[in-house]
Amino acid sequence: MLATRRLLHPFVLLICSVLTTACGGGGGSTGGSSGGGDDTSVAVAERAFTVTTHHDSMLAPAGIPVDFTLSRIPRAGINIEIGSPSEALLDAQYEDTGPTTGRFTLMLASGQTLGAGRRAVSVQLNFCYDEACNEHVAGSPVTVAVDYDVRPEERKVRVEVVDPSPVYGVTTDPAGPIAHGTVRVYNPPAEGVNFDYSGGKVVAVSTAPFPGGYQVDLQMRAPASAGLGRHTSNSFLTVCFADDCGRGRDVGYPRMNVDYTVTAVPVQQVRSFDLPISDLAWDPVHRWLILLPTVGSFSMNSNRGVMEPNTGTLYFDPTGGPTLHNLSLSPDGQWFVADDGRGRTLYRFARQDLTQSDRLQVQADPADPSPWAQSVQVLDLEYGPDGTLALLTADDLLSASPAGVDLRLMDGMSTRADRYIPAGTLSSGRICSFTWRADDANSMLASTFDPGYVPLAVSASGLAPAAAGGNGFNCSRGMRESTGRIFHRDGTVRSAGNGALVKRLGVETGASGEVQDLAVDETLRRVYVLHTLSTDEAGDARVTAYDLDSLARIGSTVLRQSGQPHRLVRWGERGLALPTRYGKLLLIEGGIVDGSAAS
């Protein structure tokens with residue numbers, strides 16, 4: 001059944017009635033009725049589609065997206081009707097894609113339901129001022145044509161497993177590779193074939209031409225639930241038409257017997273210190289970790305210190321002060337800045353001896369007269385490549401002013417009122433995260449609720465949008481741009497060009513999980529993710545390494561009963577530092593960090 005929908009206002013959609021055939025095609029004005037003087041028009045991006053499937057496929061083809069744009073939404077709204085007399089069209093699903101844009105996804109019947117044959121499916125879209133659809137907007141009705149070809153099977157696909165019984169495999173992590181196999185596919189279908197391994201996961205590593213078809217080298221992986229020790233997997237490799245595994249179009253079921261062992265990733269060492277800290281950073285100039293201890297915990301009375309990680313030697317400044325947060329190091333090697341946790345006061349310290357240099361109360365911009373903006377809070381801060389400090393600040397009563405978030409720049413420790421972007425300048429929503437772009441002091445990138453990622457040009461006179469915003473957004477603090485992509489601390493990777501989702505790191509097949517932090521190392525060409533999986537034991541955490549360029553998973557190490565680490569910082573040539581929520585600092589060296597024990 002197909003639905004009639006009335007677009008009352010952007011983002012408001014009401015289903016008014018249900019139809020079973022085409023509607024609005026007769027009895028009314030078409031192709032440009034003014035609707036009482038209104039000049040609304042509609043445009044459809046694409047009107048002709050070709051879809052191919054096979055007669056024995058139980059699965060319906062992928063939905064066909066039909067995108068449209070209205071020039072405006074009249075006060076009385078727009079009524080949208082869609083219908084088709086064809087049995088091939090099962091449904092049309094609607095979604096809003098913008099204030100004046102929408103999408104109908106046309107759902108076709110499966111090849112097995114219809115049988116072999118070629119069908120011309122014609123779908124009429126009516127955009128009207130009235131519910132009876134007697135008055136059409138300009139450009140309506142719109143006819144969408146679908147060439148739907150249901151093909152009979154002409155050749156029998158044959159599969160030969162060249163190496164059906166790999167004998168033994170070793171993986172350094174559950175869900176890691178355990179064996180390799182080779183499959184030859186003769187008379188391959190146009191859409192290719194897919195593989196499913198019941199004993200875990202199978203990945204097609206490479207494909208090469210072969211007489212009469214092609215040869216596929218496969219990598220079998222252990223199930224994520226596999227624990228340490230030796231395992232035997234007497235399982236089937238299901239070979240099937242693409243996307244049809246286990247759903248009616250399987251080609252064969254060769255058995256793949258694999259004996260394998262899961263071992264722990266050998267790291268050089270994991271050291272643990274009773275050291276509650278709120279934040280930390282690696283100082284490559286002085287080659288020590290700068291620490292911000294939690295004042296009052298475990299008898300700590302200092303709010304800053306350093307650790308030489310190779311020896312574990314600690315030094316804490318004795319002058320004390322409040323617990324500090326949001327640590328950022330200046331690029332010249334001289335300073336580090338942090339705020340007092342409540343986000344109203346900034347402190348600057350010398351990295352050489354930890355002495356306090358400056359203290360600054362963050363004030364609201366004098367250009368903002370609103371009564372709730374007399375004082376602000378610092379949500380995030382980050383030094384730029386030239387030493388300019390960027391602050392993301394919010395009004396004290398943020399709930400009373402949803403857009404009350406500013407991005408401002410500081411030269412040294414003095415604010416400049418002419419170098420900020422006030423709330424609402426970029427969008428109807430607020431800025432939720434930002435980063436400097438690829439070591440460029442003249443460019444930043446902001447993530448906003450609408451329109452998404454926005455490039456910013458930095459100049460002596462201020463900040464300004466450098467281009468239109470891209471799709472998507474992410475409010476995870478600590479975003480970083482590298483290799484043309486944006487890495488977020490929640491494991492999300494997006495394109496720096498348009499904000500499109502590239503990959504979610506820290507997620508494994510067959511297991512859900514949660515990412516606590518992410519670190520990018522452009523020298524080792526690695527991305528390190530601190531996360532947990534639903535298959536882990538309570539209290540465990542893991543660090544997984546990925547290749548920076550391909551984002552391929554390299555390996556993982558599990559930290560047993562680790563105390564809930566929540567941050568991940570690279571130090572030295574081959575180290576990771578992880579503070580925990582239960583007052584520990586974990587230091588990892590070698591192994592998964594530098595790839596000497598990659599699985």
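# Asking how we know

Me: An open sheet of four strands in this predicted model has antiparallel pairing. What is the order of its strands?
Reply: The order is 41-42-43-44. At the edges lie strand 41 (513–521) and strand 44 (553–559), each of which pairs on one side only. Direction ignored, neighbouring strands of this sheet are turned by 20 degrees against each other on average.

Me: How do you know that strand 42 and strand 43 pair?
Reply: Count the bridges. Strand 42 (residues 526–533) and strand 43 (residues 541–547) share six bridges. Pairing needs at least two, so six bridges are enough to call these strands paired. Their sense is antiparallel. For one position to look at, find R526, which stands opposite D547 in strand 43.

Me: What holds paired strands together in general?
Reply: Strands of a sheet pair through backbone hydrogen bonds, and they can do so in a parallel or an antiparallel way.

Me: Which strands make up the open sheet that has strand 33 at an edge?
Reply: That sheet has four strands in the order 33-34-35-36, again with antiparallel pairing. Strand 33 and strand 36 (462–465) are its edge strands, each pairing on one side only. Here the average turn between neighbouring strands is 30 degrees, direction ignored.

Me: How do you know that strand 33 pairs with strand 34?
Reply: Six bridges join strand 33 to strand 34 (residues 440–448). The cut-off is at least two bridges, so the two strands count as paired. They run antiparallel. You can trace some of the match yourself: T435 stands opposite L445, and F434 has A446 as its bridge partner.

Me: What do strand 33 and strand 34 form together, and what marks A438 in the turn?
Reply: The two strands form a hairpin, with two residues between them. A438 in that turn has a positive phi of about 45 degrees.

Me: What makes strand 33 "mostly covered"?
Reply: Look at its residues, 431–437: seven of the seven are buried. A residue is called buried when its relative accessible area is under 20%.

Me: Why is S443 called buried?
Reply: S443 has a relative accessibility of 15%. Buried means under 20%, so S443 falls on the buried side of the cut-off. This residue lies in strand 34. Leaving aside residues up to four places away in sequence, S443 touches W436, R437, L456 and V458.

Me: Why is the link between C128 and C133 called a disulfide?
Reply: Their sulfur atoms are 1.7 Å apart. The limit is 2.5 Å, so this pair qualifies as a disulfide. In general, a disulfide is a covalent bond between the sulfur atoms of two cysteines. The structure holds one disulfide.

Me: Is that disulfide right-handed or left-handed, and why?
Reply: The torsion about the S-S bond of C128 and C133 is about 50 degrees, so the disulfide is right-handed.

Me: Are C128 and C133 buried or exposed?
Reply: Both are buried. That places each of them under 20% relative accessible area.

Me: Stepping back, how many helices and strands does the chain have, and how much of the chain is buried?
Reply: The chain has one helix and 47 strands. Of its 599 residues, 50% are buried. The accessible surface comes to about 25900 Å², and carbon and sulfur atoms account for 49% of that area.

Note on methods:
Residues are numbered from 1 along each chain as its sequence is written. This is a predicted model: local features need pLDDT of at least 70, side-chain atom pairs count only at pLDDT 80 or more; totals for chains, interfaces and linings use all residues. Side-chain values use heavy atoms; hydrogens and water are left out. Buried means under 20% relative accessible area, exposed over 50%, partly exposed in between (1.4 Å probe, protein chains only). Axes are lines fitted to C-alpha atoms, for helices over the stretch in contact, and angles run from 0 to 180 degrees between N-to-C directions. Accessible areas come from the Shrake-Rupley method with a 1.4 Å probe; for residues, only the protein chains shown count as cover. Contact means heavy atoms within 4.5 Å.
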